[in-house]
Every structure is written in C-alpha cells, then in structure tokens.
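Biologist: Could you take me through this chain, beginning with a single residue and then moving to the whole?

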Amino acid sequence: MWRDLSGVGRHGETGGYRRYAWTAEDATLREWFAGEAAARGLDLVEDRVGNQWAWWGDPDAHVRETGEGGVVTGSHLDSVPDGGAFDGPLGVVSGFAALDALRAKGVRPTRPLAVANFVDEEGARFGVACAGSRVLTGAMTAERALALTDGDGVSMAEAFRSTGRDPGAYGADPEALRRVGAYVELHVEQGQALGDAERLARLRLDGSAREAPRGEDAWGGAVAVGTAIHPHGRWRIDLPGVANHAGTTALEDRSDAMLLAAEVTLAVREAARAHGCVATVGRVEVTPNGINAVPSHVRLWLDARGPEESEVRRTVAQVEGRVTDLGGTLAEQSWTGPTPLTDDLTARVHGALRSGAGGGSGTVPLLSTGAGHDAGVLATAGVPAAMLFVRNPTGVSHSPAEHAEEADCLTGVEALTAVLEDLVTKGKA
C-alpha cells in the first residue's frame, strides 16, 4: 500500500507532496482508497461532503438493532504544500493493515468496522483545515464552504462540480455520523516527545504526558495515546501600499506593502513569544507580484496555536493591533477551541494498550498536541474520538523530511489492531 501511494502528487523539485482537495491527484488517491476497499470486500460509502467510508459489516443494521454506531479508524490522504509522506496516509494505510490483521486472527466483530478517508483535512487549497469533517458535523455551513476560493479564484462549489458531484447535495450528514460509535485516528507524531527520552521525561513531570513510572513501555516507546488538541486558528491579514516603478521611485516616496508585511511577520513572532504560543506566517500573496514593481497589496495568512485559548487570543490581538497601526485589516477564517478527546474512549484505548494485548504490559505515554485533526472535530460534535501517535524521530512534519521508522509504523499497526479488537468485540466504549 505504501509503495502504491508513494508517487501520487510527489513534486520533483522538492520531493514533497502536493495533494490538494478535488484535484487530479486527489482523484487518484480516492480511486486507490476505493480499490483497497473493493479488494477486501468492504462496502464503500461516500457521504454528502465526499468523505469515504469503507465498511466491514452493515452499520445501518447495527444502529437499528442496537442503537449504537460502529467503530471507525482512518485519517486523510491530502497534504500541505510540499508536505511529507506520513501525515494522513499513515493512518489510512494502518487502518487497512489493522483490519487485515484482525481478519487473519479470525476475529469476529460484534460491531461494524470502517476505514475512513476524510477529504480536505489540511485545507491547503481552500484555506480552512478539516473542511470535510467540519461540514459533515455542521461545524461549518455548506454555504460558507462552497464559497471558499483557491489561489486561482476557483470556488469549492466549482471544484466539487468538476468532479461530477452536485454542490446542491453538499452539506452536513447526520445519517453518516449516526454510523460512527467510536473513531480512533492513528497519526505520525508532529513533534519529538516520543523520539527524545529526556523530553518525554520532562513532559511527564509537567503533566503534558501522564503515566506513572511503572514497568517498561508496553510498545517500546513507539506509540502514545492522544489526550487533547490545543486551540488553534487561521487569520487573513491585508496590508495596503501603492504600486510604483521599482527603478524610478525614490525610497522616501514609496508606500511599499511588502515592508508592512515584514513588520507584521516580525510582530507575529514577538507576540507568540510573549504569550507562550506558536504563530506562523506561512502563506503570502503579493500584488502586482512583479520583480520591478513596488507592491500595492500584500495578503498574509496567520496560523496561531497554544496550550491556552486566552493566550492564543492575546497573541492574535497583539498582532491585530500592529496590523491596524499599519493601516491593514485582520479577519478570522477558522477557529477551533481547546479540544479534549473523549475521556471514556481515550481511557478505553489506553487500557487496551496497557493490558498487553499484542504488545506486552507496561506504561503508555499520554500526549496532547498542537496539531489539528478530524478526530478533534468529531469529538467537538459529540462523536467519541481518540488518537494514537507513532514516534517521529526528528519531530519534523509538514515537510518532505517527515519520517517514521518502518519498525515503529508496524508497531503502530499492532497497537491499532489491539485497540480495534477490543472495541469491536467487547461492546460500546
């Protein structure tokens, strides 16, 4: 499976991936997912947003008979610009591999099990992360999502229609959500806690990773259980200037929007440091974008996150003050508050891993994360959701250098298999 995915959307110059929603690359990835489902005899269902669900068992019949949904694992297949190979696809591939392992063991589920592929998780094309799960759950309206545009001015409605789908059918899908009784997302760690024994020890001391120092790590330090997702958001900043000739306009006569952008970028770093957060200007659009023209307008996108909502808000407020002083504007595009993953399900997942099923008893780290995930959107909507993280030895993510060792990935599959076996054979979490 990994080899089949490795060439899709790979950019030759950077070695990174450009897999954006509703593009040719996305269509290839969706076809791959459908092929994997068909090869296993799974029932492929697409919800109103375009998320794909490959079911082993009949979730609708199960809901009618028991009043509870099935168990779902998976993640996403899209990427950030020039992203790495693991963020998203590792969870989908591991989901299929875990399902294979359950069948090989002769496990007879008492609840249906699905592997999911959430569309447009990164928001790289239209600017809003987790769009597929946000619209599915009603956290973002269909009207707002369909009106979003990419860098070429193509709306999501137009992109959706170009794939043969009807934008009029796009929207929240309560029926699809009713099928989900528990969602467990495996993801590569986007940090280095598991790859750094000293850092993990410090995290345990300050409570970010909680586990009593009792016994050996049940999974060799390769796997952790997620507890919460930090508050995070995205903002658009617009800065004014006046276009002019780069060779004939004296420096003192210029109104250069790029200089304002530089000031704002530095202000972002200063504000984040002051409030214990992280904040990034990661995307810039310049008008008229000519080498020999003074910029008349610069648009920036700000990403800000941190452990405390109040501090993230203070960071953005400080940036907005500087933007206003410079004659610009700042507008919120998306916001997700602090998101604890579902306590009961997280405890169930943690217990399954500690019990020794598949990997030996011992401790299992618990980690919070500054990265957003579909699991967090589902948890906010009241769908029980939990996460597993697989060790990332360098901590690098959203980059071609993103990496996880094959042995650790296989340990992640074993851990996910143990969790899924517990959930599909022992009843509701």
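**One residue, then the chain**

Modeller: This is a predicted model. Ala304 lies in strand β11, which covers residues 297–305.

Biologist: Is Ala304 buried or exposed?

Modeller: Ala304 counts as buried, because its relative accessibility is 1% and the cut-off for buried is under 20%.

Biologist: Which residues is Ala304 in contact with, leaving aside neighbours within four places in sequence?

Modeller: Ala304 is in contact with Pro231, His232, Gly233, Trp235, Val278, Ala279, Val312 and Val316. In addition, the C-alpha atoms of Ala304 and Arg234 are separated by 6.6 Å, although these residues are 70 apart along the chain.

Biologist: Turning to the whole chain, how many helices and strands are there?

Modeller: The secondary structure comprises 14 helices and 15 strands. The radius of gyration is 23 Å, close to the 22 Å from the globule rule for 429 residues, so the chain is as compact as a globular protein of that length. Along the principal axes, the C-alpha atoms fill a box of roughly 75 × 50 × 40 Å.

Biologist: What share of the residues is buried, and what about contacts over long sequence separations?

Modeller: Buried residues account for 53% of the 429. Of the contacts between residues at least 6 apart in sequence, 76% join residues at least 24 apart.

Biologist: And the charges: how many positive and negative side chains are there?

Modeller: There are 40 positive and 59 negative side chains, and the centres of the two sets lie 3 Å apart. The structure holds 20 salt bridges.

Biologist: Which side chain does Asp60 meet in a salt bridge?

Modeller: Asp60 meets Arg179, at 2.8 Å from N to O. Asp60 lies in helix α3 (residues 59–66) and Arg179 in the loop between α8 (174–178) and β5 (180–188), so the pair ties together parts that are 119 residues apart in sequence. Asp60 is partly exposed, at 28% relative accessible area, whereas Arg179 is buried, at 12%.

Biologist: Which other residue forms a salt bridge with Arg179?

Modeller: Arg179 also pairs with Glu175, the closest N and O atoms being 3.2 Å apart. Glu175 is partly exposed, with a relative accessible area of 43%.

Biologist: Where do Glu311 and Arg314 lie?

Modeller: Both lie in helix α11 (residues 309–325), three residues apart, or about one turn of the helix. Their side chains meet in a salt bridge of 2.5 Å, N to O, and Arg314 is partly exposed.

Biologist: Which residues are linked in a network of salt bridges?

Modeller: Arg30, Glu46 and Arg165 are linked in such a network.

Technical notes:
Residues numbered from 1 in each chain as written. Predicted model: local features only at pLDDT ≥ 70, side-chain atom pairs only at ≥ 80, totals over all residues. Heavy atoms only, no water. Helix = DSSP H or I, 4+ residues; strand = E, 2+ residues; numbered from the N terminus. Buried < 20%, exposed > 50% of the residue type's maximum accessible area, 1.4 Å probe, protein only. Contact = heavy atoms within 4.5 Å. Rg over C-alpha atoms; globule rule 2.2 N^0.38 Å. Lys, Arg positive; Asp, Glu negative; His and termini not counted. Charge placed at Lys NZ, Arg CZ, Asp CG, Glu CD. Salt bridge = Lys/Arg side-chain N within 4 Å of Asp/Glu carboxyl O.
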